[in-house]
Amino acid sequence: RLAARLGERAVLTREPGGTPIGRSIRDVLLDPANRALVPTAELLLYFADRAQNVAEVVRPALAAGRVVLCDRHVESSLAYQGFGRGLDLGAIRSLAALATLGLRPDAIVLLDVPVDVGLARVGRRGGADRLESEEREFHERVREGYETLRGEEPARWLRLDGTASEDAVFEALRRGLVERGLLGESDA
């Protein structure tokens, strides 16, 4: 919805899967048949995708003066592989510096929902992917990880109530980005 409002200025991408190479990596990462994927390999695959996405999509778009809207980024690896899987946060941050060459988002939007709500939405949507199939405790650790990360840099984070209506979520997003000076009133 935000991309539609921004028009041609906006570039939408996602991690994993924002590039052709990334789509192949996404298939490996999310395939429920790959349950044997160890946490370190999982982390490295996410960062392989991220390095490709930053080089191929994000940096060129920013250089052209466009606004990049990315579904997930480094903070997702910190939450999922760091807090969720228990991998070292310092190592993840080092990989982030390497994969992104220090690029960090101006704002991070957290669509927050209770774990039960998120899992119910997955269930309504149909077959869960490899990460969505994890035990509830994993998802609790991930959610707590996001809250911890948000607490470390609150000015960069925009927490939205993901249980609100789509219109209410969009209005809170628009207002939050305008308040942070990232969008003008006419942009959103």
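Okay, a contact here means that heavy atoms come within 4.5 Å of each other. Keep that in mind, since I'll use the word "touches" in that sense.

Now, the ground rules. This is a predicted model, where local features need pLDDT of at least 70 and side-chain atom pairs count only at pLDDT 80 or more, while totals for chains, interfaces and linings use all residues. Residues are numbered from 1 along each chain as its sequence is written, and side-chain values use heavy atoms, with hydrogens and water left out.

Let's start with the whole chain. It has eight helices and four strands, where a helix is a DSSP run of H or I with at least four residues, a strand is a run of E with at least two, and the numbering goes from the N terminus. Reading from that end, the order is α-β-α-α-β-α-α-β-α-α-β-α. The radius of gyration is 16 Å, close to the 16 Å that the globule rule gives for 188 residues, so the chain is as compact as a globular protein of that length. For that, the radius is taken over C-alpha atoms, and the rule is 2.2 Å times the number of residues to the power 0.38. Along the principal axes, the C-alpha atoms fill a box of roughly 50 × 35 × 30 Å.

How much of the chain is buried? Of the 188 residues, 40% count as buried. Buried means under 20% relative accessible area, exposed means over 50%, and partly exposed is in between, using a 1.4 Å probe and protein chains only. As for contacts with a separation of 6 or more, 73% of them come from residues 24 or more positions apart.

Next, have a look at helix α2, residues 20-30. Gly 22, Ile 25, Leu 29 and Leu 30 are buried there. They cover an arc of only 115° around the axis, which puts them on the same side of α2; the arc is that of the directions from the helix axis to the C-beta atoms. And what do the buried residues of α2 pack against? That would be α3, residues 39-63.

Just before α2, there's a loop coming from β1 (10-14), and Pro 16 lies in it. The peptide bond joining Glu 15 and Pro 16 is cis, with omega at about 0°. Glu 15 is found in that β1 to α2 loop too, and at 3% relative accessibility it counts as buried. Leaving out residues up to four places away in sequence, Glu 15 touches a whole list, including Asp 49, Asn 53, Cys 70 and Arg 72. Its C-alpha atom is separated by 9.9 Å from that of Gln 52, and the two are 37 residues apart along the chain.

Arg 72 deserves its own stop. You'll find it in the loop between β2 (67-71) and α4. Its phi is near 85°, a positive value in a residue other than glycine. Is Arg 72 buried, exposed or partly exposed? With a relative accessible area of 37%, Arg 72 is partly exposed.

Leu 101 also has a positive phi, about 55°, although it is not a glycine. It sits in the loop between α5 and β3 (108-112), and at 65% relative accessibility Leu 101 counts as exposed.

Last one: Leu 87, in the loop between α4 (74-84) and α5 (89-100). Which residues does Leu 87 touch, not counting those up to four places away in sequence? They are Pro 39, Thr 40, Leu 43, Gln 81, Gly 82 and Ile 92. Leu 87 and Ala 10, on the other hand, are 34 Å apart in space, C-alpha to C-alpha, and 77 residues apart in sequence.

That's my tour, thanks!
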